[in-house]
Every structure is written in structure tokens, then in C-alpha cells.
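Visitor: I have a chain open on my screen and would like to talk it through with you. Could we go feature by feature?

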Amino acid sequence: MKSVFLIALLFTNVTYAFSLGELLGYANDASFDKYEQSFVQEAAKHGITGLRKARIYFGETFGKDDVAEGPPGSAVERPTVIVDEKYWNTLSDSSKELLIFHELGHALLHENHQPGIMEHILLKREYYEAHREELLNQFFKNAQP
Ligand SMILES: [Zn+2]
């Protein structure tokens with residue numbers, strides 16, 4: 001009984017990924033899941049809950065550091081982050097987290113560039129790893145999703 005349910009669930013997910021993904025011209029990539037989940041968890045630690053689900057996928061970024069955001073208030077469009085796959089593949093695990101946190105800072109927390117995680121260039125991996133806790137505190141402290 002349990003396995004039938006699992007298969008049905010799996011089938012549903014696959015169908016969703018193909019049909020909606022093809023329709024919208026993108027495919028969500030599992031590469032981003034753990035970083036997005038970590039963002040949601042860290043935000044919750046700082047009292048920020050009920051964040052929208054972002055759409056994060058590999059695509060052409062035209063050399064921009066940044067985000068294409070859905071129109072505010074739109075019921076259909078979700079905040080969107082596009083990541084250059086070649087660049088992504090050069091990053092360490094902690095720099096991947098930093099990149100996703102930075103972009104979700106724009107997309108979900110409406111943050112502009114400022115010192116810290118929202119620095120206009122990606123912080124050095126060593127610096128981020130050494131100061132992660134205080135950087136996250138600063139990042140979420142004044143956030144207004
Ligand atoms: Zn940025």
C-alpha cells in the first residue's frame with residue numbers, strides 16, 4: 001500500500017516537472033534545493049516565516065550578478081533566480097550557499113546591495129565561512145519580506 005502511494009507521488013512530481021517546466025520554458029534543478037531549504041531554515045531562526053517559494057534554475061544571465069524578479073503582487077509569477085551553470089560549477093559548497101542566499105535576499109527579502117551577504121560581489125569563501133553566523137544575523141536582522 002505504501003509503495004503504491006510512493007509511486008503515485010513520484011509520478012505526480014515527474015509529470016509536474018515536465019509539463020509545467022516545458023510550458024514555462026525552464027526546469028527546476030535539484031542542485032538548488034538544499035541551499036533554498038537552508039535559507040528558509042535560517043530565515044525562520046530569525047523570525048522570518050511564510051516566505052514564497054522561489055523559482056531557481058540554470059539559464060542565461062547575460063553576465064549580470066543578479067535576479068529577475070516576478071512582478072510584485074502577481075499571483076502567477078514567482079520570484080525567480082537564474083544561475084549561470086558554468087559559474088555555479090566553479091563554486092565551493094559554501095560559496096553556492098552564499099550565492100543563493102544573496103540572490104534570495106533580492107528576490108524574497110527585497111534587499112539591495114550593501115555590505116555583508118548583499119555585497120555587490122560575492123564574498124570570499126574563507127571570509128564567509130569564518131563569519132557566517134554574524135553575516136547571517138546582520139542579513140536577516142532588518143529584512144522585511
Ligand atoms: Zn546582487
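Visitor: What does Gly47 do just after H2?
Guide: In this predicted model, Gly47 takes a positive phi of about 80°, and its place in the chain is just after helix H2.

Visitor: And H2 itself, how many residues has it and how far does it reach?
Guide: Helix H2 covers residues 33-45, which makes 13 residues, and from its first C-alpha to its last it reaches 18 Å, close to the 18 Å expected at 1.5 Å a residue.

Visitor: Switching to strands: in which sense do E1 and E2 pair?
Guide: Strand E1 (residues 55-58) pairs with E2 in the parallel sense, over 4 bridges, and within that pairing Phe58 stands opposite Val83 in E2.

Visitor: Which side chains of E2 are buried, then?
Guide: Along E2, residues 80-83, the side chains alternate, with Val81 and Val83 pointing to one face and buried, whereas Thr80 and Ile82 point to the other and are not buried.

Visitor: Now the helices further on, at what angle do H4 and H5 pack?
Guide: Helix H4 (residues 93-107) and helix H5 (residues 125-141) pack at an angle of about 30°, their axes being 10 Å apart, and the crossing is left-handed.

Visitor: Which residues make that contact?
Guide: From H4 come Ser94, Ser95, Leu98 and Gly105, and from H5 come Arg125, Tyr128, Glu129 and Phe139; by class, this contact has 3 nonpolar, 3 polar and 2 charged residues.

Visitor: Last one: how much of the whole chain counts as buried?
Guide: Of the 145 residues in the protein chain, 19% count as buried, and the chain, with its 5 helices and 2 strands, follows the pattern α-α-β-β-α-α-α along the sequence.

How values were computed
Residues are numbered from 1 along each chain as its sequence is written. This is a predicted model: local features need pLDDT of at least 70, side-chain atom pairs count only at pLDDT 80 or more; totals for chains, interfaces and linings use all residues. The expected span of a helix is 1.5 Å times one less than its number of residues. Axes are lines fitted to C-alpha atoms, for helices over the stretch in contact, and angles run from 0 to 180 degrees between N-to-C directions. A crossing is left-handed if the near helix is turned anticlockwise from the far one by less than a right angle, and right-handed if clockwise. Two residues are in contact if their C-beta atoms, placed from the backbone, lie within 7 Å. Ala, Val, Leu, Ile, Met, Phe, Trp, Tyr, Cys and Pro count as nonpolar, Asp, Glu, Lys and Arg as charged, and the others, Gly among them, as polar. A residue is buried if 20 or more other C-beta atoms lie within 10 Å of its own, exposed if 12 or fewer, and partly exposed in between; C-beta atoms are placed from the backbone. Two strands pair if DSSP finds at least two bridges between them.
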